[in-house]
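Me: Please take a close look at the metal site of this model and at the residues around it. A connected account would be preferred.

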Amino acid sequence: MSIRTMRYLGDPVLRMKCSPVKEITPGVLSLIDEMAEIMYDIPGIGLAAPQIGVNKRVIIFDIGEGLEVLINPEIISREDELESQEGCLSIPDRELLVKRAQKITVRALNKEGEKKTFAFEGLIARVVQHEIDHLDGRLIVDTGRPVPESEEEN
Ligand code: NI
């Protein structure tokens, strides 16, 4: 059972700049487990720690290819911008058009505390950029624009 719960638009924790993780402690690992439990339960494809009220630079995602965990992620390069529809678990039932890079390179720690470089593209790149925005208190309501009615998907 999770103790922490989802936080929604209007909750101040979603607007904070999160702190880097200094050390992979048992507390960090249990945070990751809790995030995964909550994300799969909804279900969602990505989650950032502040979305369950924790002010730490941890994101997780799974677009159907297995769970990935990035700690202290930093985008070191971006390529090819694309605007596409995006939702957020903290802003239910709302989709906005958000411009994102289609390809990114990210440096982050994995769960073992090893520094790795990742190349992501397509949906994963979009999800990772969305979740990293959460770590800086940035939401799709800041960066996106409404979907014009003619472009709405039914
Ligand atoms: Ni979100």
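Reply:

**Cysteines and the nickel site**

A search of the whole structure finds zero disulfides, a disulfide being a pair of cysteine sulfur atoms within 2.5 Å. The model is predicted, so local features need pLDDT of at least 70 and side-chain atom pairs count only at pLDDT 80 or more, while totals for chains, interfaces and linings use all residues. Residues are numbered from 1 along each chain as its sequence is written, and side-chain values use heavy atoms, with hydrogens and water left out.

The sulfur of C18 cannot form a bond because the closest cysteine sulfur, in C88, is 13 Å away. C18 counts as buried at 4% relative accessibility, where buried means under 20% relative accessible area, exposed over 50% and partly exposed in between (1.4 Å probe, protein chains only). C88 is buried as well, with a relative accessible area of 9%.

C88 also serves the metal: its SG, together with NE2 of H130 and NE2 of H134, coordinates the nickel ion at 2.0 to 2.2 Å. Donors here are N, O and S atoms within 2.8 Å of the metal (3.2 Å for Na, K and Ca); water is not among the atoms, so sites may look incomplete. Along the chain, the donors of the nickel ion follow the spacing C-x41-H-x3-H. Distant parts of the chain are thereby linked, with C88 in strand 3 (residues 68–88) and H130 in helix 2 (residues 123–135), 42 residues apart. Helices (H or I, at least four residues) and strands (E, at least two) are DSSP runs, numbered from the N terminus. H130, like C88, is buried.

Helix 2 also holds Q129, which counts as buried at 4% relative accessibility. Leaving aside residues up to four places away in sequence, Q129 touches I75, R78, R100, A101 and I104, contact meaning heavy atoms within 4.5 Å.
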